[in-house]
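Trainee: I've just opened this one and I'm new to it. Could you walk me through it, one question at a time?

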Amino acid sequence: MKEIIEPFRIKSVEPIQFTTLEQRREILARAHYNPFKIDADDVIIDLLTDSGTSAMSAAQWGAILTGDESYAGSRSFRRFESKVREIFGFKHVIPTHQGRASEKILMSIVGGAGKTIPNNNHFDTTRANVEFTGAEALDLVIEEGKDPDNLHPFKGNIDLAKLEKVLIERSAQVPIGMLTITNNTGGGQPVSMECIRSTGKLLRRYGVPFFIDSCRFAENAWFIKQREEGYKDKTPKEIAQEMFSYADGATMSLKKDGFGNIGGFLAMNDDSLADSARNLLILTEGFPTYGGLAGRDLEALAVGLEETLDERYLEYRHATVSYLAHKLMDAGVRIVQPPGGHAVYIDAKRFFPQIPPEQFPAQVFVCELYLAGGIRGVEIGSAMFGRNVNGVEIPADRELVRLALPRRVYTQAHVNYVAEVITEMYRHRSEARGLRIVKQAPFLRHFTAEFDAAGSG
Ligand SMILES: *Cc1c(COP(=O)(O)O)cnc(C)c1O
């Protein structure tokens, strides 16, 4: 059969609230043209993020009832720890309430002024946590990864020559090296096993610990199985186990490939680093056998980590993203090629060539998308990664809009609707006008920034 069907039946449903164009116009103005400030009830299809938005399975809900809420030594923690160890293989498993909490703890220990942390691409929270300590977050993705039309099968790979150059010049200032799999900021693009292995080897040669930002490790494993020589007969779990065997530790948001609505962990092999991490954990997250989580969360996550590696699920997941990508391409919309693992990334620069980067074309896209169909996407462009230096906007390299697909939530009809709305927007694209920023925070400004029509006020 050619048709890849949703590998689940729907047992419990959540109604969608519909809005009219007139209502959305008002809602968007009230939100100061920042969809992060729109109430979820006012959104018809929410593609803001795949983070924490997964539908849990009946097995996960069942496991929730078995949660052990003991403060210390909870049985649910042991179950969680053993599932994480089975897949990731690290000695120390430190639960946190979400990915950035594990980043905050790790960077507080290894970061600091004068240090440099290389990565393929730092995700926004990773970058913010690195920079908050005074360290430099260095992005070294391969050149192919920066070209939205390049069809390289592993566009998330790090440039090993550039990494080696950094290590030759200043390995003493490099406390850890990282890879983000899949590369969220770079378009949800995978990293090859060969690259993971070589990165591990290279860093080890210079005595630098290797940490994997592993939020979408199962999706990355699926790409390796599909695209890399020698892996087609391995299970996603075996592939994942091999990926992590080359690393010294990992940060993880279980809100992604953990099928959790909340959760994360920091894992590592080094005993003394783990001691320092646990000390910080107690300050902000909680006792080491629950971190920032309830026992019931740990139970659901242990089940989720197994389900996320199911081949039928990964096949369907990949097919959904690719289906939306192809519908948009057929309509003439330019997207980042090839489509990534969890989202379709639209090139807003080419969608709205009349809007200069200083006027946030990707932010304009997310606003127009909401207006046209009540669909919420996220800007990954100058609002997120640009900078304001003494009142002057320094734009980001790219102006992308991410349409992230929550796991197991929307059906094919929902995806058809999204494609139809964007196709209609594309027809009217020449009418769109730019935005300017009127209010912003010093870190992660895209979450709270306020916008207005460019040229107004
Ligand atoms: C989501 C994400 C994080 C941060 O995780 P949170 O759970 O949102 O705090 C870090 N890195 C990458 C690649 C992510 O996608």
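**Two sheets, a ligand and one aspartate**

Mentor: Sure. Keep in mind that this is a predicted model. Let's begin with a sheet: 5 strands make up an open sheet with mixed pairing, in the order 2-8-7-6-5.

Trainee: Which strands stand at the edges of that sheet, each with a single partner strand?

Mentor: Look at the two ends of the order 2-8-7-6-5. A strand there has a single partner, so one of its sides is left without a neighbour in the sheet. The edge strands are strand 2 (92-96) and strand 5 (177-180).

Trainee: By how much are neighbouring strands of this sheet turned against each other on average?

Mentor: The sheet in question is the open one with the order 2-8-7-6-5. Ignoring direction, the average turn between its neighbouring strands is 15°.

Trainee: And in strand 8, which residue is the bridge partner of P95?

Mentor: Strand 2 pairs with strand 8 (residues 264-268) in the antiparallel sense, over 5 bridges. Within strand 8, the partner of P95 is F265.

Trainee: What lies across strand 2, strand 7 and strand 8, running at about 120° to strand 2?

Mentor: Two helices are worth looking at here. Helix 4 touches strand 2, strand 5, strand 6 (210-213), strand 7 and strand 8, and makes about 145° with the direction of strand 7. The angle you quote, about 120° to strand 2, belongs to helix 3 (residues 75-88).

Trainee: On to the ligand. Which helix gives the most to the shell around it?

Mentor: Two helices, helix 4 (99-110) and helix 5 (124-132), each supply at least two residues of that shell. The one that gives the most, with 3 residues, is helix 4.

Trainee: How many charged residues does that shell have?

Mentor: There are 15 residues around the ligand, and R100, D213, R216, S253 and K256 come nearest. By class, the shell has 2 nonpolar and 7 polar residues, and the charged ones number 6.

Trainee: Which residue has a side-chain N or O atom 2.6 Å from an oxygen atom of the ligand?

Mentor: Let's go through some contacts to ligand oxygen atoms. Q98 has a polar side-chain atom at 2.9 Å, while G99 uses a backbone N or O atom, also at 2.9 Å. The side chain with an N or O atom at 2.6 Å is that of S253.

Trainee: What share of the ligand's exposed area does the protein bury?

Mentor: Start from the ligand taken alone, which exposes 380 Å². Of that area, the protein buries 97%.

Trainee: Now the other sheet. Which strands are at its edges, each with a single partner strand?

Mentor: Here 3 strands form an open, antiparallel sheet in the order 9-14-11. One side of each edge strand has no neighbour in the sheet, because each has a single partner strand. Those are strand 9 (343-347) and strand 11 (378-380).

Trainee: Which helix lies across strand 9, strand 11 and strand 14?

Mentor: Helix 13 (residues 311-330) lies across strand 9 and strand 14, at about 25° to strand 9. The helix across strand 9, strand 11 and strand 14, at about 40° to strand 14, is helix 15 (residues 361-373).

Trainee: Last one: which side chain makes a polar contact with the side chain of D46?

Mentor: D46 sits in strand 1 (residues 45-46). Its side chain reaches the backbone nitrogen of L48 at 3.3 Å. The side-chain partner, at 2.8 Å, is R376.

Note on methods
Residues numbered from 1 in each chain as written. Predicted model: local features only at pLDDT ≥ 70, side-chain atom pairs only at ≥ 80, totals over all residues. Heavy atoms only, no water. Pairing = 2+ DSSP bridges. Helix = DSSP H or I, 4+ residues; strand = E, 2+ residues; numbered from the N terminus. Contact = heavy atoms within 4.5 Å. Axes fitted to C-alpha atoms, helices over the stretch in contact; angles between N-to-C directions. Near = heavy atom within 4 Å. Polar contact = N/O pair within 3.5 Å; in protein donor to acceptor, adjacent residues only side chain to side chain. Areas by Shrake-Rupley, 256 points an atom, 1.4 Å probe, with all protein chains shown as cover. Nonpolar A, V, L, I, M, F, W, Y, C, P; charged D, E, K, R; others polar.
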